[in-house]
Amino acid sequence: MIRDITLGQYYSTQSPIHKLDPRVKIIATLLYIIELFIVNDFTGFTICAGALALVVILSRVPLGFIMRGLRPILFILMFTFFLNMFFIDGRIMWRFYFLKITYEGLYLAIFMSVRLILLIIGTSLLTLTTTPIRLTDGIERLLSPLSRLGVHTHEIAMMMSIALRFIPTLMEETDKIMKAQQARGADFESGNIFARAKALVPILVPLFISAFRIAQDLAMAMEARCYRGGKGRTRLHRMEIQSWDVICMIILAAFLGAIIVERTVFS
């Protein structure tokens with residue numbers, strides 16, 4: 001399951017989405033998240049899912065690879081689904097002692113699950129189609145107006161991109177530690193959920209040690225390359241808005257308008 005986490009990973013291929021300016025992709029992702037929380041019915045979700053499907057096709061990232069990222073949050077999905085289904089008051093559909101399922105609860109359970117699935121897939125596409133360096137540059141450029149107020153925008157962007165980049169690295173380290181302990185007789189599979197959680201506690205100490213070691217190696221590598229922050233730093237590739245970026249922003253504006261119209265007309 002640890003290897004199923006796709007957040008922070010980059011899928012290398014040639015596609016129109018990969019070629020987009022990172023600033024456009026960051027803005028599009030933020031607007032997509034906002035639109036998911038604006039939508040209040042399944043008609044809006046259909047529009048969001050259709051737009052997301054188009055982006056997935058254009059990105060040329062295998063659908064199976066993207067859907068694999070949903071496995072680690074399967075427990076959260078199930079918990080959210082059953083929590084809404086059993087504890088929302090309304091017209092009773094089924095009752096068994098203190099448990100009851102209402103029409104409103106079932107509707108809300110499906111609604112929240114669909115929203116969470118679309119949210120995970122949409123945000124994963126940002127890191128799957130953008131390299132950490134371009135993501136850092138995009139965040140820095142978007143935050144550049146704050147630098148006039150004394151905010152260290154380059155350092156903030158660097159920390160955010162490093163945090164995203166090292167999610168799969170730490171997951172891989174966790175997987176190695178678990179396999180090493182399983183070879184020594186550790187059991188992470190048997191027992192109830194509380195027993196499994198307790199069995200994971202011995203993993204934390206070596207994981208923290210490994211994380212500090214990786215951070216120290218990264219710091220030494222950056223110092224060896226004379227990294228001194230964003231002041232006076234130049235870039236090998238300058239970001240420029242191309243015609244394809246403009247077209248995508250127009251499509252994004254039309255998509256946002258469709259969501260607003262749907263919310264206004266059908267609400």
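**Figure 1. Helix α9 and the residue that follows it.** Helix α9 is followed by C226, whose phi is positive, near 60 degrees. The model shown here and in the other views is predicted. Helix α9 covers residues 201-224, 24 residues in total. From the first C-alpha of α9 to its last the distance is 36 Å, close to the 34 Å expected at 1.5 Å a residue. Four residues of α9 named in this view, I203, L207, S210 and I214, are buried. An α-helix has 3.6 residues a turn, so residues three or four places apart point the same way. The partner of the buried residues of α9 is α7, residues 153-183, against which they pack.

**Figure 2. The whole chain, for orientation.** The chain contains ten helices and two strands. Their order along the sequence is α-α-α-α-β-β-α-α-α-α-α-α. The C-alpha trace spans about 70 × 60 × 40 Å along its principal axes. Of the 267 residues in the chain, 33% are buried. Among contacts with a separation of 6 or more, 74% are between residues 24 or more positions apart. The exposed area of the chain is about 16,800 Å², and carbon and sulfur atoms supply 69% of that area.

**Figure 3. The second largest pocket and its lining.** The second largest pocket holds about 560 Å³ of space. Its lining consists of 22 residues, and those nearest the centre of the pocket are I17, A28, A51, V55 and L252. Two or more lining residues come from each of the elements α1 (22-38), α2 (42-59), α5 (103-128) and α10 (243-266). Helix α1 gives six residues, the largest share of the lining. Sorted by class, the lining of this pocket comprises 17 nonpolar, three polar and two charged residues.

**Figure 4. I26 in helix α1.** I26 is found in helix α1, the helix that also gives the largest share of the lining of the second largest pocket. The relative accessible area of I26 is 10%, and I26 is therefore buried, the cut-off being under 20%. Leaving out residues up to four places away in sequence, I26 touches L126, L135, G138, I139 and L142. A further long-range pair in this view is I26 and T123: they are 97 residues apart along the chain, and their C-alpha atoms are separated by 9.4 Å.

**Figure 5. Helix α6 and its packing partners.** Helix α6 spans residues 132-143 and has twelve residues. The distance from its first C-alpha to its last is 16 Å, close to the 16 Å expected at 1.5 Å a residue. The buried residues of α6 are L135, T136, D137, G138, I139 and E140. These buried residues pack against α1, α5 and α7. On the α1 side, I26 has contacts that include L135, G138 and I139.

**Figure 6. L77 and T80 in helix α4.** Helix α4 consists of residues 74-87 and includes L77; T80 lies in helix α4 as well. L77 has a relative accessibility of 11% and so counts as buried. T80 has a relative accessible area of 19%, which means that T80 is buried too, given the cut-off of under 20%. Apart from neighbours within four places in sequence, L77 is in contact with S113, L116 and I117. One of these residues, I117, is 40 residues from L77 in sequence and 8.2 Å from L77 in space, C-alpha to C-alpha. For T80 the pair shown is with M112: the two are 32 residues apart along the chain, with their C-alpha atoms separated by 7.4 Å.

**Figure 7. R60 in the loop after α2.** R60 lies in the loop between α2 and α3, the latter being residues 63-67. Its phi is near 60 degrees, a positive value in a residue other than glycine. R60 has a relative accessible area of 52% and is therefore exposed, as the cut-off for exposed is over 50%. C226, shown in the view of α9, likewise has a positive phi near 60 degrees.

Methods
Residues are numbered from 1 along each chain as its sequence is written. This is a predicted model: local features need pLDDT of at least 70, side-chain atom pairs count only at pLDDT 80 or more; totals for chains, interfaces and linings use all residues. Side-chain values use heavy atoms; hydrogens and water are left out. On a 1 Å grid over the protein atoms alone, a cavity is a set of points where a 1.4 Å probe fits but cannot get out, and a pocket is an open set with protein on both sides within 12 Å along at least five of seven lines; lining residues have an atom within 4 Å of a point. Grid points are joined across faces, edges and corners, and a volume is the space filled by probe spheres set on the points. Ala, Val, Leu, Ile, Met, Phe, Trp, Tyr, Cys and Pro count as nonpolar, Asp, Glu, Lys and Arg as charged, and the others, Gly among them, as polar. The expected span of a helix is 1.5 Å times one less than its number of residues. Buried means under 20% relative accessible area, exposed over 50%, partly exposed in between (1.4 Å probe, protein chains only). Contact means heavy atoms within 4.5 Å. Accessible areas come from the Shrake-Rupley method with a 1.4 Å probe; for residues, only the protein chains shown count as cover.
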